[in-house]
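Good morning, and thank you for coming. I would ask you to look at the structure on the screen while I describe some of its features.

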Amino acid sequence: LMVLYNSLKGDSWKENDHWGTRNNNICAWKKVKCSNNNETIIKLELSGNQLEGHIPAEIEILNGLEELHIFKNSLNGTAPWTSITKLTKLQILDMRENNFNGNLTTTDFKALELLTKFHLSNNT
C-alpha cells in the first residue's frame, strides 16, 4: 500500500490518517477495509481524496481486493489494465472523473468474472 500512497502523493491526500505509521495495523488506516479476520484488504475507498499521478502496476499485489473506489481525483495516464485485471476478486471498480486515457477492449476484462460495476465515465 505504501507504493500506492507514495505514487499518488499520499502526503497531500485529504484523508490519510495512519497511512505508513509503524506498529499500526494496515486495517486501521483511513479508507482501507479488511476482511473479518484482518488478513486481506478487500476495499479501498479513496474517492475525492486528492490523489494525483499514475496508478502503480504494484496494485496487483492487492489480490483480495473486492472494491476499488478512486473516482473524483486527479489520476492520469493510462491505467495499468494488466495489473488491474489480476485483481480477480474485484466486484466494483469506480474510476470515473479522473484524467485516464487510452483504449479498452472486452478482452482486457475477461479475468474479472466477478466484476458487477465498472465506472469509467468523465475521463479524457
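Let me begin with one term: a residue is called buried when its relative accessible area is under 20%, exposed when that value is over 50%, and partly exposed in between. Please keep in mind that this is a predicted model.

With that term in hand, consider Trp81. Its relative accessible area is 11%, under the 20% limit, and therefore Trp81 is buried. Phe118 has a relative accessibility of 31%; this value falls between the two limits, so Phe118 counts as partly exposed.

I now turn to the aromatic rings. How many aromatic pairs does the count give? The count comes to seven. In one of them, the ring centres of Tyr5 and Trp13 lie 5.0 Å apart and the planes meet at 70°; because an angle over 60 degrees counts as edge-to-face, this pair belongs to that class. Both Tyr5 and Trp13 are buried. The two residues I introduced at the start, Trp81 and Phe118, also form an edge-to-face pair, with 6.3 Å from centre to centre and 80° between the planes. This pair links distant parts of the chain, since Trp81 belongs to helix 2, residues 81-84, and Phe118 to strand 8, residues 117-119, with 37 residues separating them. Ring pairs also join Tyr5, Trp13, Trp19 and Trp29 into a cluster. A further ring, that of Phe71, has Arg96 over its face, at 4.1 Å from the ring centre.

Next, the strands. Strand 1, residues 32-34, and strand 2, residues 41-45, run antiparallel and are joined by three bridges. Within this pairing, Val32 stands opposite Leu44. The two strands form a hairpin with six residues between them, and in the turn Asn38 has a positive phi of about 60°. Strand 2 is also joined by three bridges to strand 4, residues 67-69, and these two run parallel. There, Glu45 of strand 2 has His69 as its bridge partner in strand 4.

A separate description applies to an open sheet of three strands, with the order 3-5-7 and parallel pairing. Which strands stand at the edges? They are strand 3, at 52-53, and strand 7, at 99-100; each has a single partner strand, so one side of each lacks a neighbour in the sheet. Strand 3 and strand 5, residues 74-77, are joined by two bridges, and Glu52 has Ser74 as its bridge partner.

We may now look inside. The largest nonpolar core has 31 residues, and those with the most contacts within it are Leu1, Leu44, Ile70 and Met95. Helix 1, at 2-7, strand 1, strand 2 and helix 2 are the elements that give two or more residues to this core. Leu44, which we met opposite Val32, is worth following in the display. If its neighbours within four places in sequence are left aside, its contacts include Leu1, Leu4, Leu62, Leu65 and Leu68. Lys31, Glu67 and His69 are also among them.

Finally, the cysteines. The count comes to one disulfide. It joins Cys27 to Cys34, with 2.0 Å from S to S. The angle about the S-S bond is -95°, and the link is left-handed. Both Cys27 and Cys34 are buried.

Thank you for your attention.

Key: Residues numbered from 1 in each chain as written. Predicted model: local features only at pLDDT ≥ 70, side-chain atom pairs only at ≥ 80, totals over all residues. Heavy atoms only, no water. Disulfide = S-S within 2.5 Å. Buried < 20%, exposed > 50% of the residue type's maximum accessible area, 1.4 Å probe, protein only. Phe/Tyr/Trp six-rings, centres within 6.5 Å; stacked < 30°, edge-to-face > 60°. Helix = DSSP H or I, 4+ residues; strand = E, 2+ residues; numbered from the N terminus. Lys NZ or Arg CZ within 6 Å of the ring centre and 35° of its normal. Pairing = 2+ DSSP bridges. Core = buried A, V, L, I, M, F, W, Y, C linked by side-chain atoms within 4.5 Å. Contact = heavy atoms within 4.5 Å.
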